[in-house]
Each structure stands twice: as structure tokens, then as C-alpha cells.
Amino acid sequence: MSGTALRSPAARALRDAFLSALVALGIFGVMVGLRTDPGARSLVLSWHPVPVAVAVAIVFFGRLALSGWRIARPAGTAAPRRLAEGMTHAGRYVAPVFLILALTLPLYAGRYYLDLGILVLTYVMLGWGLNIVVGLAGLLDLGYVAFYAVGAYTFAIAATTFGLGFWTCLPLAGLFAAIFGVLLGFPVLRLRGDYLAIVTLAFGEIVRVVILNWVSLTGGPNGISGIPRPTLFGLTFLADGGPGSFADYFGIEPNITQRVIFLFYVILAMALLTNWVSLRLRRLPLGRAWEALREDEVACRSLGINVTVTKLTAFSIGATFGGFAGAFFATRQAFISPESFTFIESAIVLAIVVLGGLGSQLGVALAALVMIGGSEMLRGIIILGVDLVEYRMLLFGIALVVVMVLRPRGLVSGRTPSVSLGRPREISAELVAEGRG
Amino acid sequence: MAYALQQLINGVTLGMIYGLIAVGYTMVYGIIGMINFAHGDVFMIGSFLSLIALLGLSALGITSVPLALALTLLFAAAIAALYGWTVERIAYRPLRGSFRLAPLISAIGMSIVLQNFAQVSQGARSKPMTGLIPGGFGLTIEGFTVQLSYVQISIVATTLSMLALFTWLVTRTSLGRSMRACEQDLKMAGLLGIDTDRTISLTFVIGAALAAVAGLMFLLYYGVIDFYIGFIAGVKAFTAAVLGGIGSLPGAVLGGLAIGLIETFWSAYFSTQYKDVAAFSILIIVLIFMPTGILGRADVEKV
């Protein structure tokens with residue numbers, strides 16, 4: 001290493017960039033450059049040098065730019081912290097603006113944006129639900145989709161078998177999901193960190209496999225169709241109107257958009273309920289116990305906090321909101337199948353929570369908007385003959401890594417402790433990274 | 001009886017593959033105390049690399065199967081090692097000393113990246129590749145023919161030689177000594193002049209190379225791969241590592257064999273649909289009732 005120390009920074013940067021490009025050539029050269037395509041009798045290879053060259057060039061110049069930035073950057077890095085604090089202060093004004101925009105969305109947005117809004121809000125709600133488990137209590141749950149599935153199937157089965165309506169089933173779906181939350185919570189009480197993550201992941205998979213194979217109850221891979229739509233105090237939103245429908249009661253033209261608007265407000269109300277409940281819970285002793293648990297479990301025990309109750313409530317309350325969201329998903333789609341409840345869904349929700357900043361309510365909402373809305377915007381943009389939306393999950397994964405490396409507490413990284421002695425101080429990402437958060 | 005013998009043969013073969021992957025999990029966990037979530041996906045990349053290499057070699061006109069397999073094994077292991085090194089360098093090294101969940105989330109991100117990278121670059125359809133090593137021994141007992149295919153023999157033989165090589169590396173070389181020192185106490189090893197970053201990197205490199213060998217074996221055994229195989233195989237191999245006692249190398253192989261046998265016998269005597277549930281349930285049961293595994297040692301939590 002003594003030889004490299006003597007060289008000029010520019011030469012070293014060039015050498016680093018060259019080595020990175022070499023590694024990139026090894027990585028992309030085979031997997032991207034040689035593509036296996038189905039041939040006449042067996043698979044055949046085809047050679048694609050252009051994407052490889054592009055990838056290697058990106059790595060080379062990216063590495064060069066990174067080195068250049070490191071040399072040019074003056075010492076001291078107060079700027080990101082000030083930015084983070086600024087963003088948190090701005091949050092006080094951003095949140096009401098977003099709320100007003102969301103409330104008035106049906107006034108100015110078309111059908112497409114309303115559907116997208118429903119999708120985004122579903123993920124906002126899931127994100128807020130998971131935030132209770134991951135962001136507040138610090139329990140990394142990779143099987144959150146299981147509760148979403150339990151909620152969806154509870155409603156679907158109750159509705160198609162017993163003819164119950166959406167509003168009757170909603171508490172039922174939440175209750176069943178909460179039971180599953182406790183069911184998962186009990187065995188994993190003693191596990192922490194990594195083990196907890198992998199067990200919750202296994203739990204999610206078990207629930208999916210059971211749904212897939214219990215054909216008599218869940219319809220197996222065919223799923224359940226004909227799930228009823230929600231009603232507004234008994235008024236239906238059928239496309240052709242008819243007696244007892246919303247359009248008939250108010251004497252207006254029946255229109256499919258009315259149902260979409262209604263669904264939009266239903267999920268908005270459910271999401272806001274989630275937000276309100278978790279904000280209130282954070283002020284309760286229970287919420288404080290969650291945050292204490294997140295920071296240090298051993299200290300928690302020493303202070304006499306009942307870790308069992310604290311963990312189980314986090315799991316079950318988080319699961320309840322997952323179940324609510326699942327019931328909404330089922331009523332919106334009118335059809336559910338196990339394909340909607342794969343590990344990828346858990347990963348997306350986790351990515352939203354992590355990107356939003358573990359524990360930050362506004363951050364989660366913004367992350368859901370950017371990730372779900374943003375990736376929908378990619379649809380239709382075609383580069384090199386591939387729709388950019390195909391790269392969605394790849395981008396999510398990269399985002400997870402980049403955020404963890406650069407801003408471990410998420411994009412909206414500041415965190416005000418819910419309770420503090422004296423004046424509450426902002427805890428910025430830098431302090432957290434140093435272990436003082 | 002003959003049927004059970006057949007299941008035993010199949011289970012051992014499968015268990016060998018799981019064992020090879022599990023070694024990667026257990027090594028990384030032993031040294032830096034984290035689950036390398038992306039390891040299963042490195043295994044998947046390894047099997048894709050093997051597929052590409054086999055196709056490329058046959059396109060180049062190499063018809064000798066043993067030569068092609070040997071070249072493929074070296075090639076896949078080398079490139080997969082590069083993947084392992086890059087994953088560690090990008091996603092884990094900057095996070096040493098960060099908060100508890102950070103490396104874990106980063107690893108999940110990396111796993112998603114690798115999975116979707118394979119899907120985007122090689123397509124989502126499953127890739128068939130059959131008949132490379134046909135034939136085998138047949139033995140008829142009580143009217144049931146027990147099959148022992150050449151593929152199974154070569155899988156067991158390759159795995160055993162890989163493990164022998166690896167054991168030699170860990171117990172007899174200076175790199176192995178560094179690895180064992182880092183496993184005992186990372187900080188102390190650094191103070192005593194071991195380049196810990198380099199040792200950790202090499203651990204990932206070796207783990208990835210072994211995973212790539214497992215990928216080749218998987219391709220030969222099942223004859224079909226897709227971008228999703230890393231997820232399930234990864235969780236099962238992790239279960240194997242935990243069952244054997246995480247941090248213990250013989251434990252990983254033992255756990256792999258146990259999981260392979262349990263899965264095979266479960267499929268043979270109960271139901272194929274629920275074989276993954278069986279493996280996952282074992283994971284949960286072991287973690288609850290026997291968190292140190294068969295050969296592991298108890299971990300005392302320090303504050």
C-alpha cells in the first residue's frame with residue numbers, strides 16, 4: 001500500500017476507476033452480455049455487447065466522479081445535517097398541504113390518477129402499519145404481507161360464504177390479522193434482529209403456501225372472485241345505477257367514477273385513521289415503551305418494561321392495520337389470489353418504511369408517493385426495447401442499499417423523540433450513524 | 001424399504017447442495033454476525049453463470065463432458081466470487097458500526113437487486129438444461145428399482161471434495177487462521193495486525209464460490225433454473241446453518257443433510273405441496289427450542 005500512497009490523487013482515482021470498470025466487466029459481461037434464449041432444441045446464447053459497454057462506462061465514470069468529489073469536497077460535513085433539520089421543519093407545512101391536495105384530488109384528477117391515488121394510499125396505509133412494528137418498535141418484520149393476505153382472505157371468504165358486507169367484515173379482518181400477529185409474535189419473542197427477520201419471512205411464506213394449497217377454503221391458485229364492493233350506508237355504486245344505488249338516491253347519472261371516488265375516500269380515511277392511531281399511541285406509555293425497545297432491549301428489561309407485552313402489542317396492532325388494508329384491497333379488486341401476496345409485497349412495504357425514515361410518518365407517506373407513484377410514471381418509457389417499469393424492483397433494491405449506506409435513518413432523516421426532558425432536540429442521521437441516536 | 005433407500009439417496013444429494021450454501025451463511029455469520037440475505041441470490045447467479053458457461057462451451061465445440069464441467073465449475077466460481085466481493089464492498093462494508101438493522105436492510109436490498117438483475121438480464125422464464133450426464137446404476141430390491149444416477153454421484157463427490165478443500169483452507173492456511181481469529185474477536189484480531197477488511201472480503205469470496213458450485217449442482221440435478229430459486233434455497237440453507245449451529249462449519253453440512261433428508265422424506269410420505277412449509281416450520285421450531293443448534297455454542301449477550 002505504500003506505493004499507492006505516493007501517487008497523486010488523480011492517478012489513484014484513475015486506477016480505482018479502472019479497477020472498478022474491470023470488476024464491472026466481470027459482473028455484467030457474462031450475465032448481461034450473454035443472454036440465454038430458448039432455441040429450436042435447447043437454449044442458445046446471444047451476444048449483447050452494447051449494454052455491457054454502457055454499464056462498464058457508467059461504473060468507470062461514476063467511480064471517477066465519486067473520487068473527484070471526495071478530493072474536491074472541503075473538510076467538515078455540516079450541510080447534510082442542516083438539510084435534514086430543514087426538511088423536518090418544512091414537514092410541519094408540507095403535511096397539511098399534502099392532506100389538502102389528497103382531499104381535493106377527485107375535483108381535479110381524472111380516473112387514472114384516482115386509481116393511482118388509491119394504490120398509493122393503500123401502500124401509505126401499509127407503510128404506516130408496518131412503521132409501528134419496524135419504525136417504532138424496531139422489530140424487523142419481513143412477513144407483513146401475511147397480515148395483508150389474512151385480512152383480504154378473511155373479508156373475501158366471509159363475504160362470499162356468509163354474504164357479509166365490507167363494513168361488517170372490516171373489523172373482522174382486522175381482528176383475524178391481529179390474532180395472526182399474536183400467533184407470530186409469541187414464538188419470536190426471544191428472537192432479535194436477524195433471526196426475527198428470517199422467521200417472519202418464513203411465516204409469510206408459510207401463510208402464502210397454505211393459502212395456495214388449501215383449495216377448499218381459499219380456491220387455491222384460482223383465488224376468490226366476486227367479492228362485493230363497499231356501500232355508503234347501504235347505497236351501492238353499481239355501474240348501471242338501479243334502485244338502492246348512490247346515483248338513484250341522489251338522482252344523478254350513474255357513473256363508474258363515483259365508485260372510484262368513493263373508494264378513494266374510503267382508503268384515505270383508513271390511512272388517516274392509521275396515522276392518527278399511531279401518532280396517539282406514540283404518546284402513550286405503550287408507544288414510549290416501543291421506542292425504548294427499538295433503541296435498546298436490554299436497557300428496557302432493566303427498567304422494568306414488560307418486553308413481552310410491548311412486542312406482542314406492536315405485532316398485533318401493526319397486523320390489524322395490515323388486515324384492514326388487505327380487506328380494502330380485496331373489495332377494491334373484487335378478486336384476490338395468492339399471487340398478490342408474495343414476499344415482494346413485504347419487501348416493497350419495507351422499502352417504503354426504510355426510505356421514509358424509520359419512524360417518520362410524513363416520510364413514509366412521501367416514500368410511498370415517490371416509489372409507487374414514481375414507478376407508475378416509469379411505465380411507457382422504453383429504453384433499449386425494455387419498459388422501464390420492468391426495472392422497478394431493481395430500483396427499489398438499489399434504493400434500499402443506497403439509503404442504508406448514505407442515510408441510515410431514511411431520506412427524511414430527522415427524528416424528534418416523542419418524549420424528552422427539557423427541549424426536544426432533533427436527532428439527525430449523522431448522530432444516529434455514530435451510535436448516539 | 002427400497003423406496004426408503006431411494007429417498008435416502010435423493011435426500012443426501014439435496015442435502016449436499018444445501019450444505020454447500022449453508023457454509024457461506026455460517027462463515028459470514030461467524031465473522032461479522034449478520035445474515036447475508038443476498039447469499040441465496042449469489043447461489044442463483046452461480047447457477048445462471050454455470051448455465052451460460054455450459055452453453056458457451058458447447059458452442060465453442062468442447063464435447064468432453066468432464067472437461068466442460070470442470071471449466072464451468074471454475075468459471076462460475078470465479079465470477080460468483082466477484083459478485084460476493086462486490087456485494088460486500090458496496091452493501092456491507094460501509095455499514096460496519098452503523099445501527100443494528102442497517103446491514104440487514106441493506107442485505108435485503110442487495111438480494112432484491114440480484115434477483116431482479118437476473119430477471120431483467122436473463123428473462124423471467126425458467127431455463128431448462130437437461131441430459132448432460134445421463135444414466136446411472138439401477139438396483140432392484142423387492143420389485144422396486146433404486147436409482148443412483150451419475151449426476152447424484154458426481155454431486156456428492158464434488159461437494160465432498162469442495163468441503164475437504166475448504167476445511168484444509170480453514171484449518172491449515174494462514175488465511176484460515178485469520179478467519180478463525182476474526183471469528184473469535186474481530187477487534188482483537190485487528191489489533192494483532194490482521195487485515196480484517198481483507199479477511200472479511202475473502203470470506204465473502206469463498207462463500208460465493210462455494211454457492212456457485214452449489215448452483216452448478218442444482219442445475220445438473222434439477223435441470224431447470226429461474227431467477228427465483230435463490231430465495232427458497234437460501235431460506236432452506238439458512239435453516240440448515242441454524243439447525244447445525246450457526247458459526248459451525250461441520251454443523252452447516254450436517255444441517256444441510258438433515259434439511260435435505262427431512263424435505264425428501266416429507267415429500268415422499270406426506271405431501272409435496274407442503275414441503276417448504278415443513279422446512280420453514282423446522283426453522284421456527286429450532287430457533288425457539290434450540291437456538292444454538294446441534295453443534296453451535298451459546299451466545300452470551302454483552303451490553
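**Notes on a predicted two-chain model**

1. Let me start with burial. Chain A has 437 residues, and 42% of them count as buried. Please keep in mind while reading that this is a predicted model. As for its scores, ipTM is 0.86 and pTM is 0.86. For chain B, the average pLDDT is 87, and 98% of the residues score at least 70. A general caution still applies: where pLDDT is low, predicted coordinates should not be read in detail.

2. Next, the make-up of chain A. Its secondary structure consists of 19 helices and six strands. The domain assignment divides the chain into domain 1 (2-72) and domain 2 (92-377). Between the C-alpha centres of domain 1 and domain 2 of chain A the distance is 41 Å. If you look at contacts in chain A with a separation of 6 or more, 72% of them join residues 24 or more positions apart.

3. The strands β1 and β2 of chain A are a good place to zoom in. Strand β1 (residues 34-38) and strand β2 (residues 43-47) of chain A pair in the antiparallel sense, with five bridges between them. Four residues make the hairpin connection from β1(A) to β2(A). You can find one of the bridges at A:Pro38, whose partner in β2(A) is A:Leu43.

4. Now the contact between the chains. Chain B contributes 53 residues and chain A contributes 45 residues. On the side of chain B that touches chain A, the elements giving two or more residues are α2 (39-60), α3 (65-92), α4 (102-122), α9 (229-244) and α11 (275-289) of chain B. Of these, α4(B) supplies the largest share, 15 residues. Sorted by class, that side of chain B has 40 nonpolar residues, nine polar and four charged.

5. The largest nonpolar core deserves a point of its own. It holds 215 residues, and those touching the most other members are A:Ile267, A:Ala351, A:Ile352, A:Ala368, A:Leu400, B:Leu49 and B:Ala80. Helix α8 (residues 196-222) of chain B gives the most to this core, namely 15 residues. Domain 1 (2-72) and domain 2 (92-377) of chain A each give residues to the core as well, so it lies between them.

6. Which residues does B:Ala80 touch, leaving aside those up to four places away in sequence? They are B:Val42, B:Ile45, B:Gly46 and B:Leu49, together with B:Ala208, B:Ala209, B:Ala211 and B:Ala212. B:Leu49 appears again here, having been named with B:Ala80 among the core residues that touch the most other members.

7. A residue you may want to click on is A:Leu272, which sits in helix α12 (residues 256-283) of chain A. A:Leu272 counts as partly exposed because it has 17 C-beta neighbours inside 10 Å, while a buried residue needs 20 or more. From A:Leu272 to A:Ala24 there are 248 residues along the chain, and their C-alpha atoms are separated by 45 Å.

8. Last, a backbone detail worth a look: A:Ala334. Its phi is near 65°, a positive value in a residue other than glycine. Where does A:Ala334 sit? The residue lies in the loop between α15 (307-333) and β4 (335-336) of chain A. A:Ala334 is partly exposed, because 13 other C-beta atoms lie within 10 Å, and the exposed class takes residues with 12 or fewer.

Methods. Residues are numbered from 1 along each chain as its sequence is written. Chains are lettered from A and ligands numbered from 1 in the order in which they are written. This is a predicted model: local features need pLDDT of at least 70, side-chain atom pairs count only at pLDDT 80 or more; totals for chains, interfaces and linings use all residues. Two residues are in contact if their C-beta atoms, placed from the backbone, lie within 7 Å. Ala, Val, Leu, Ile, Met, Phe, Trp, Tyr, Cys and Pro count as nonpolar, Asp, Glu, Lys and Arg as charged, and the others, Gly among them, as polar. A nonpolar core is a set of buried Ala, Val, Leu, Ile, Met, Phe, Trp, Tyr and Cys residues joined through C-beta atoms within 7 Å. Domain bounds come from an automatic or database domain assignment. Two strands pair if DSSP finds at least two bridges between them. pLDDT is the predictor's confidence in each residue, from 0 to 100.
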